[in-house]
Amino acid sequence: MHRVVALVREGQATFELGCAAGVFGARPPGQAVRYRFGVCAERPGRVGTRNGFDMVIEDGLEALEDADTVVVPGWLPVEEAPSAAVTRALKSAHERGARLVSICTGAFALAHVGLLDGRGATTHWARTEDLAARFPHVQVDPDVLYVDGGDVATSAGAGAGIDLCLHLVRVDQGAGFAAHVARGMVMPPHREGGQLQYSAPPRPIQIDGTLAPLLEWAAERLGEPIGVEEMAGRACVSTRTLARRFTDQLGVGPGQWLLNQRLAAARELLESSDLSLEAIARRVGLSSATNLRRRFLGALGTTPGAYRRTFRT
């Protein structure tokens, strides 16, 4: 049982907390419980929120002592450093091997404590310049949805916190279980961390039509020999226009998006079926077991066989 504890404070933003609670506290029907989710505060008791109501928190910082993952779901005001007690608790958790995760402005708490020094990190697009200015030793990426450094992970604005939490479930428990959680939340099962944040453009621009119909069409045909040219033809645009629309809306090119979808489908089949690698490769449009192994190793750093052994129960 993986224990996740969220650290809240006075003036807590409840949506950010809900991102973690909704993912790690989920109970997908027909699935064994994989996470135990809890909340703590430096001073247990009544904690005010920014949303018009108070919460009653029973646990203090001692709850972080046996947490496997510690979540900081926002930190406002960002210029206020954590207290000495909170700093000690966060550093101690990290030193003993707990994973630390921030959502939105929670990155400022980790930066104040020094846990982001020399690391890549992100936060809400409106706060990235402030984070970089306050903490020059942090490698701030203003464009991505989240950055996962293994033992420390940070997300952009609140909605991206859900993406990061689902990504971590996928890392911990595999694509199948993460898909069950996402389905229960009516969320897409996986968005790559490198996708662009949806910040407002600096000046009015002409917005192209949504890619949603094309994405749905392509996702239903992964096993067919479709590529960028076929997708451009389906959308009635040139391949250059299609690439621009993908970059604008998703932050990746159409070829990379298609490969990501095929690898995601391969991961689910590796977890849920006894199909051979050759059969899986054909079913997801990667043509051969050799190509599947090459693509899998390049994207995930492991082989399909090793992945299957890790996540099959």
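This is a friendly dialogue about reading the predicted model shown above.

Trainee: Where should I start, and how do strands come together in a sheet?

Mentor: Strands of a sheet pair through backbone hydrogen bonds, either parallel or antiparallel. In this predicted model, six strands form an open sheet, in the order E2-E1-E5-E6-E10-E9, and the pairing is mixed.

Trainee: Which strands are the edge strands of this sheet?

Mentor: They are E2 and E9, the latter covering residues 146-148; each of them pairs on one side only. Look also at how the strands are turned: between neighbours in this sheet the angle is 15 degrees on average, direction ignored.

Trainee: Could we take one strand and follow its partners? In which sense do E1 and E2 pair, parallel or antiparallel?

Mentor: E1 (residues 2-8) and E2 (residues 35-41) pair in the parallel sense, over seven bridges. To find a place on the model, look for Val8, which stands opposite Ala41 of E2. Between the two strands the chain passes through helix H1 (residues 14-24), making a β-α-β crossover that is right-handed.

Trainee: How many bridges link E1 with E5?

Mentor: Three bridges, and the sense is again parallel; E5 spans residues 69-73. Two pairs help you locate this pairing: Val5 has Val70 as its bridge partner, and Ala6 stands opposite Val71.

Trainee: Are the residues of E1 buried or exposed?

Mentor: Seven of its seven residues are buried. You can check this face by face: His2, Val4, Ala6 and Val8 lie on one side, while Arg3, Val5 and Leu7 lie on the other, and both faces are covered.

Trainee: Which helix packs on the sheet, and what does that helix touch?

Mentor: Helix H3 (residues 106-113) packs there, touching E5, E6 and strand E10 (152-155). The direction of H3 makes about 135 degrees with that of E6.

Trainee: How should I read a nonpolar core?

Mentor: In soluble globular proteins, nonpolar side chains tend to be buried together. Here the largest nonpolar core has 32 residues. Val23, Phe24, Val71, Ile103 and Val169 are the residues with the most contacts inside this core.

Trainee: Which elements supply at least two residues of this core?

Mentor: Among them are E1, H1 and E2, together with strands E4 (54-57) and E6 (99-103) and helices H5 (158-173) and H6 (175-184). H5 gives the largest share, seven residues.

Trainee: What does Phe24 touch?

Mentor: Leaving out residues up to four places away in sequence, Phe24 touches Val4, Tyr35, Phe37, Cys165, Leu168 and Val169. There is also a second, separate core of 30 residues, including Leu64, Val72, Val86 and Ala121.

Trainee: What about the backbone itself? Which residues does a cis peptide bond join?

Mentor: Leu76 and Pro77 are joined by a cis peptide bond, with omega at about -5 degrees. You will find Pro77 in the loop between E5 and helix H2 (84-95).

Trainee: Which residue in the loop between E6 and H3 should I look at?

Mentor: Try Cys104, which lies in that loop. Cys104 has a positive phi of about 60 degrees although it is not a glycine. Its relative accessibility is 6%, so Cys104 counts as buried.

Trainee: And is Ser287 buried or exposed?

Mentor: Ser287 is exposed, because its relative accessible area is 53%. This residue has a positive phi too, of about 70 degrees, and is not a glycine. Look for Ser287 in the loop between helix H11 (277-283) and helix H12 (289-300).

Trainee: Where is Thr87 found, and what is Thr87 in contact with?

Mentor: Thr87 is found in helix H2. With a relative accessibility of 19%, Thr87 counts as buried, because the cut-off is under 20%. Apart from neighbours within four places in sequence, Thr87 is in contact with Pro82 and Val113.

Trainee: How many disulfides are there?

Mentor: The count comes to zero. Cys40 is in no disulfide, and the nearest cysteine sulfur, that of Cys165, is 16 Å away. Cys40 is also buried, with a relative accessible area of 0%.

Trainee: Why is the sulfur of Cys104 not in a bond with that of Cys19?

Mentor: The sulfur of Cys19 is the closest cysteine sulfur to that of Cys104, but the two are 8.9 Å apart, too far for a bond. A disulfide needs the sulfur atoms within 2.5 Å.

Methods
Residues are numbered from 1 along each chain as its sequence is written. This is a predicted model: local features need pLDDT of at least 70, side-chain atom pairs count only at pLDDT 80 or more; totals for chains, interfaces and linings use all residues. Side-chain values use heavy atoms; hydrogens and water are left out. Buried means under 20% relative accessible area, exposed over 50%, partly exposed in between (1.4 Å probe, protein chains only). Helices (H or I, at least four residues) and strands (E, at least two) are DSSP runs, numbered from the N terminus. Two strands pair if DSSP finds at least two bridges between them. A crossover is right-handed if, with the strands pointing away from the viewer, the path from the first strand over the helix to the second runs clockwise. A nonpolar core is a set of buried Ala, Val, Leu, Ile, Met, Phe, Trp, Tyr and Cys residues joined through side-chain atoms within 4.5 Å. Contact means heavy atoms within 4.5 Å. Axes are lines fitted to C-alpha atoms, for helices over the stretch in contact, and angles run from 0 to 180 degrees between N-to-C directions.
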